[in-house]
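Biologist: Let us go through this model and test the words we use for it. Show me the sequence and structure, please.

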Amino acid sequence: MQLIFEKGAPGRHLSLLPPCDVPEVAPQRPRTEPLELPELSENELTRHYSALCKRVHGVNDGFYPLGSCTMKYNPKINEELAALPGFTQVHPLQPEETVQGCLEVYAQTEALLNEITGMDAMTFQPAAGAHGEFTGLLLIKAYHRHRGDTERTKIIVPDSAHGTNPASAVMAGFTVVNVPSGPDGCVDVEALAAAVGPDTAGLMLTNPNTVGIFDKNILEITRIIHEAGGLCYYDGANLNAVMGLVRPGDMGFDVIHLNLHKTFSTPHGGGGPGSGAVGCKAFLAPYLPGPVVRREGGGFRFAAPEHSIGRVKDFYGNFTVVVKALVYLLTLGKEGIPEAAENAVLNANYMMARLREKYAMAYDQLCMHEFVMSLENLKEETGVSAMDIAKGLLDNGIHPPTMYFPLIVHEALMVEPTETESKETLDEACEVFLRLWEQAHTDPQALHDAPVTTPVRRLDEVEAARHPVLRYAGA
Amino acid sequence: MGSYVPNTPSQRQAMLETIGVRTVEDLFASVPREMLVGDGLKLPVGRSELEVRRAVSALAERNKVYRTVLRGAGAYRHFIPAVVKSVVSREELVTAYTPYQAEISQGLLQAIFEYQTMICSLTGMDVSNASVYDGGTAAAEALTMCRDRKRAKAYVSACADPQVVETMRTYCFGSGMELILVPEKEGRTDQEALRSLLGEDAACFYLQQPNYYGNIEEAAAIGEIVHGAGAKYIMGVNPIACAVLESPAACGADIAVGEGQPLGLDLSFGGPYLGFMAATKAMFRKLPGRIVGQTHDAEGKVGYVLTLTAREQHIRREKASSNICSNQALCAFTAGVYLSAMGPQGLRQAAVQSMSKAHYLAEELGKIGLPRIHGGEFFHEFVTACPKTEAVLRALDENGILGGLPVEGGILWCATELVSRQELDRAVSIVKEVL
């Protein structure tokens, strides 16, 4: 498909602005290069973007069992209310008394999420999960420093963790200590006990973990860290499995981040904007980024935490994303929140039970909201890899599971159906998975060649990396 | 209560049977009993769509929406063509994940490739990434790009947006880079101070253009000072101003960053916005975050993929150049649609009209006793002295006008192409009444 720069004609434009009604002023040292932007009519423009949108696959287009990403349905009422002019037309630096509704959105959402997670205070400034991790780790750093404990320079991360965990720890100035997982995919408690010491700043953990198992030793794990003088950080990527049922705060975690764009139904937008809200226990609240929203008298105001690490972003966060999460929280409420978690776990176990017939499970036990299959044996037998199965799914209108993650499982496919899919959808998807397994044995070449129905076939990533073409270079 | 769970009780029962357990509780057997909250959560009961609509609309109504906005300071209300929202509200786009599965994500990947090209065109730089969270984090990430073993000090103009500076400080608290402010002199970066401050350990200097006070800096001359000291030159620029001001590339910038909100994004109480980041060829491998590249498919057809991923956290883990994962993809898409709709003529008009209206406002305010406190050129923001700041802003507020932002020394005003001469005249006459 042509690039937008290859369409239109010089001089073509939309009629957008009236003539300037004041004397025109020009800078003394003006731009000298031509401004190379598309020159199209409105009709051409909308056709171009319509064509692009037809080459995008969203949750609205079909089943999206992308492990660790919680691709649940994104309710339309969220979008409608977040688009109200009373939210979108508000300048972030308006006087506090003119933005009481915005402040209350933050205050209400904070109260609901604190209750769900067992935390005492929250910031919505982080724009995404990784940004939240960075923020949470800085809270840990500031806490130790404030106590005069400068020796705590290490963050413990299990080898099953998301790549953001170690990357965030390094950005926050820590060194990373990797601890191995046990045969059940959970933290090896003995290895953990051996790894902690006076240099332990904290532990980062996802629970349920990245193989979809709730770590039954969680209380012992957080106790080991606390006894060593460290703090416990909860990566909220998998909260959807347990929200309303178990609280990270009760597991012994001191600071958490949530992905409102996963667990709380705000859309991913093709990779953002998200919201990586960070919650913490009361003793860490003085370190939160400022400003935070506080209730005062009958209204709300901004306040600066006493020992704040400083802001991690301009203004207050991805505000309209938070509006969407609030709409979701108010809709589901006390019963709906745990109901969602229960059905996420039910759906995952159902799919696992059906697929177990053919596919090898990396951890063959009941799972939480997601499960990991290992296609190592299938690949050995037939040459068909996890990648091939994933590409075969594309030809069947299904977004593939997360591939090759976690790193501790070979030929991994991580499946997370979410609670918003019906049994019929799950059954259809299972049929497709099982059919592809058969096809791997009868016609492996067809799967090596997949996909064939998509706008392009498999793309050469090596070429892209070796000879980077990162912008349109002109006709 | 509201629910998005489609399965009926009988379907759930059938599923439990397939799994081989009796109840849903059995699925949670691995969770220690004592940890379950049971009925203990203090949450309100769920509500119907109509009830939620009422409750949240009431919150929106408690905010004041001004007819006229004369305040910027990092967030700007510009004209947004109707076509922008029509395109970016398409649900396949809104509900898609990051385009890891390239074959079914060509639309998104191509749009980001086009966005990258437009950012390169605006800034004159060689390579753009696919966006970061906002202008502040873009500036903070740029400092890290410049660090090496011998050079770990980041110098930042005191005339940069204070929020951006604070964000950079927080990132430096993480990375251990030292941040040093280069002082202001009469509303602009003190070039003599800059020259004497930059030493052999200077990694970079960050200049905001136009600066926080709206003043246009001598960016090319400053670039020469920075490069003379062997440091990297980062420019934080307003993307609309790029249409008429000397480009960062022409000023010698190694990295150009900025807040992309003026490119078709609503004010939205501060977010979501997007940070754009572009660099020279020499530095592009240090860019954080996602980058889209062109390639070919198995049949030789042109296509797009996320590329150069060896920089990124999911491959490199603790050795990654940044932890960024999700960025602001939909906002970058929006900026691309905005720039395509405006085109070179429209964007230049938006820039020229913003600058011209700000100058008109400055002149009219000057006539009634609110003179600019700085000399020299400015773009679409400027600071005036004001004897009665509070009374002036209150009077404007009562007339549906958001006046400039109170800052040290007076008021920081802003005008864009969105305000008419009539609105400006009205604002000035209201101010005159108060004085």
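**Terms put to the test**

Modeller: Start with a helix pair in chain B: helix 6 (residues 106–123) and helix 12 pack with their axes 9 Å apart, at an angle of about 60°. Bear in mind that this is a predicted model.

Biologist: What makes the crossing of helix 6 of chain B and helix 12 of chain B left-handed or right-handed?

Modeller: The crossing is left-handed. That label applies if the near helix is turned anticlockwise from the far one by less than a right angle.

Biologist: Which residues in helix 6 of chain B meet which in helix 12 of chain B?

Modeller: Helix 6 of chain B brings Ala111(B), Ile112(B), Glu114(B), Tyr115(B) and Met118(B). Helix 12 of chain B answers with Ala329(B), Ala332(B), Phe333(B), Ala335(B), Gly336(B) and Leu339(B). By class, this contact holds nine nonpolar residues, one polar and one charged.

Biologist: Why is one residue of that contact called polar?

Modeller: Gly336(B) takes part on the helix 12 side. Gly counts as polar here, so Gly336(B) falls in that class.

Biologist: What domains does the assignment give chain B?

Modeller: Domain 1 covers 68–79 + 343–434, and domain 2 covers 83–337. Their centres, over C-alpha atoms, are separated by 28 Å. Their contact takes 23 residues from domain 1 of chain B and 19 residues from domain 2 of chain B.

Biologist: Which element gives the largest share of the side of domain 1 of chain B that touches domain 2 of chain B?

Modeller: Helix 12 of chain B, with seven residues. That side divides into twelve nonpolar, seven polar and four charged residues.

Biologist: Turn to chain A. How many helices and strands does chain A have?

Modeller: Chain A has 15 helices and twelve strands.

Biologist: Why is chain A called as compact as a globular protein of that length?

Modeller: Its radius of gyration is 25 Å, and the globule rule gives 23 Å for 475 residues. The two values are close, so the description fits.

Biologist: What share of the residues of chain A count as buried?

Modeller: 61% of the 475 residues. Each has 20 or more other C-beta atoms within 10 Å of its own, so each meets the cut-off.

Biologist: How many residues does the contact of the two chains take from each?

Modeller: 166 residues from chain A and 165 residues from chain B. On the chain A side, helix 10 (residues 319–355) gives the largest share, 23 residues. The classes on that side are 91 nonpolar, 42 polar and 33 charged.

Notes: Residues numbered from 1 in each chain as written. Chains lettered and ligands numbered in written order. Predicted model: local features only at pLDDT ≥ 70, side-chain atom pairs only at ≥ 80, totals over all residues. Contact = placed C-beta atoms within 7 Å. Helix = DSSP H or I, 4+ residues; strand = E, 2+ residues; numbered from the N terminus. Domains from an automatic or database assignment. Rg over C-alpha atoms; globule rule 2.2 N^0.38 Å. Buried ≥ 20, exposed ≤ 12 C-beta atoms within 10 Å, placed from the backbone. Axes fitted to C-alpha atoms, helices over the stretch in contact; angles between N-to-C directions.
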